[in-house]
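Reader: I am new to this structure and should be grateful for a close look at a single part of it. Please explain how its strands are paired, and then set that part among its surroundings.

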Amino acid sequence: MHIEVKHKWRFLWLGKWRTTRFHATEEHIRREHPEAVCVPGTMIEQEVLDTDEEHMAALRERASAGHGGVLCNARMPPHLNNRPPALDQQ
């Protein structure tokens, strides 16, 4: 797991300064708008899960905390869902 620092950004588009509607990392925004300036007071730090094990641990933690009931394969990310298709879907 790692932490990403994100901001809202002001950038020049068609001769006018615009503000992003989303938070983005500096690396992400600089690809298209090298002149972008971060908006003060908009910083957020977001945890990003890196491995499948971290994703599974987060799902188990949410399920045990009462966020969505029991852990079931239907809520797992598609690459972790090893459940065979239901007979009525074939």
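**The sheet and its surroundings**

Author: Of the contacts in the protein that link residues at least 6 apart in sequence, 44% join residues at least 24 apart; a contact here means heavy atoms within 4.5 Å. The model is predicted, so to speak of local features requires a pLDDT of at least 70, and side-chain atom pairs count only at pLDDT 80 or more, whereas totals for chains, interfaces and linings use all residues. Residues are numbered from 1 along each chain as its sequence is written, and side-chain values use heavy atoms, with hydrogens and water left out.

The protein contains two helices and five strands. Both kinds of element are DSSP runs numbered from the N terminus, with at least four residues for a helix (H or I) and at least two for a strand (E). Read from the N terminus, their order is β-β-β-α-β-β-α.

The part requested is an open sheet of three strands, arranged as E3-E2-E4 with antiparallel pairing. Strand E3 (16-19) and E4 are at the edges with a single partner strand each, so one side of each has no neighbour in the sheet. Two strands are said to pair if DSSP finds at least two bridges between them. Strand E2 (residues 9-13) and E3 are joined by four bridges in the antiparallel sense.

Phenylalanine 11 offers a closer view of this pairing, with arginine 18 in E3 as its bridge partner. Apart from neighbours within four places in sequence, phenylalanine 11 contacts Lys16, Trp17, Arg18, Thr19, Thr20, His33, Glu35 and Ala36. Phenylalanine 11 also belongs to the largest nonpolar core, whose five residues are Trp9, Phe11, Ala24, Ile29 and Ala36. Such a core is a set of buried Ala, Val, Leu, Ile, Met, Phe, Trp, Tyr and Cys residues joined through side-chain atoms within 4.5 Å. In soluble globular proteins, nonpolar side chains tend to be buried together.

Burial should also be viewed across the whole protein. Of the 90 residues, 19% are buried, where buried means under 20% relative accessible area, exposed over 50%, and partly exposed in between (1.4 Å probe, protein chains only). The protein exposes about 7,200 Å², of which carbon and sulfur atoms supply 54%.

Just before strand E2, histidine 7 occupies the loop between strand E1 (2-6) and E2. Histidine 7 counts as buried because its relative accessible area is 17%. Setting aside residues up to four places away in sequence, histidine 7 touches Phe22, His23, Ala24, Cys38, Val39, Thr42 and Met43.

One of these contacts, methionine 43, lies in the loop between strand E4 (37-38) and strand E5 (44-48). Methionine 43 is partly exposed, because its relative accessibility is 46%. Together with Ile3 and Val5, Met43 makes a nonpolar surface patch of about 260 Å².

The charged side chains add to the picture. Across the whole structure there are three salt bridges, each defined as a side-chain nitrogen of Lys or Arg within 4 Å of a carboxyl oxygen of Asp or Glu. Side chains of opposite charge can pair when their charged atoms come close. Lysine 6 forms a salt bridge with glutamate 4 at 3.6 Å, N to O. Lysine 6 is buried, at 16% relative accessible area, whereas glutamate 4 is partly exposed at 24%.

In helix H1 (residues 26-32), arginine 30 and glutamate 26 are four residues apart, about one turn of the helix. Their side chains meet in a salt bridge of 3.3 Å, N to O. Arginine 30 is partly exposed at 29% relative accessible area, and glutamate 26 is partly exposed at 45%. Glutamate 27 and arginine 31 also lie in helix H1, four residues apart. The closest N and O atoms of their salt bridge are 3.4 Å apart, and glutamate 27 and arginine 31 are both exposed.

Finally, aspartate 50 sits in the loop between E5 and helix H2 (52-64). Aspartate 50 is partly exposed, at 46% relative accessibility. Its C-alpha atom is 5.2 Å from that of methionine 1, although the two residues are 49 apart along the chain. Beyond neighbours within four places in sequence, aspartate 50 contacts Met1 and His2.

Conventions
Patches are made of residues with over 30% relative accessible area and no salt bridge: like charges are joined within 9 Å, nonpolar side chains (Val, Leu, Ile, Met, Phe, Trp, Tyr) within 5 Å. Accessible areas come from the Shrake-Rupley method with a 1.4 Å probe; for residues, only the protein chains shown count as cover.
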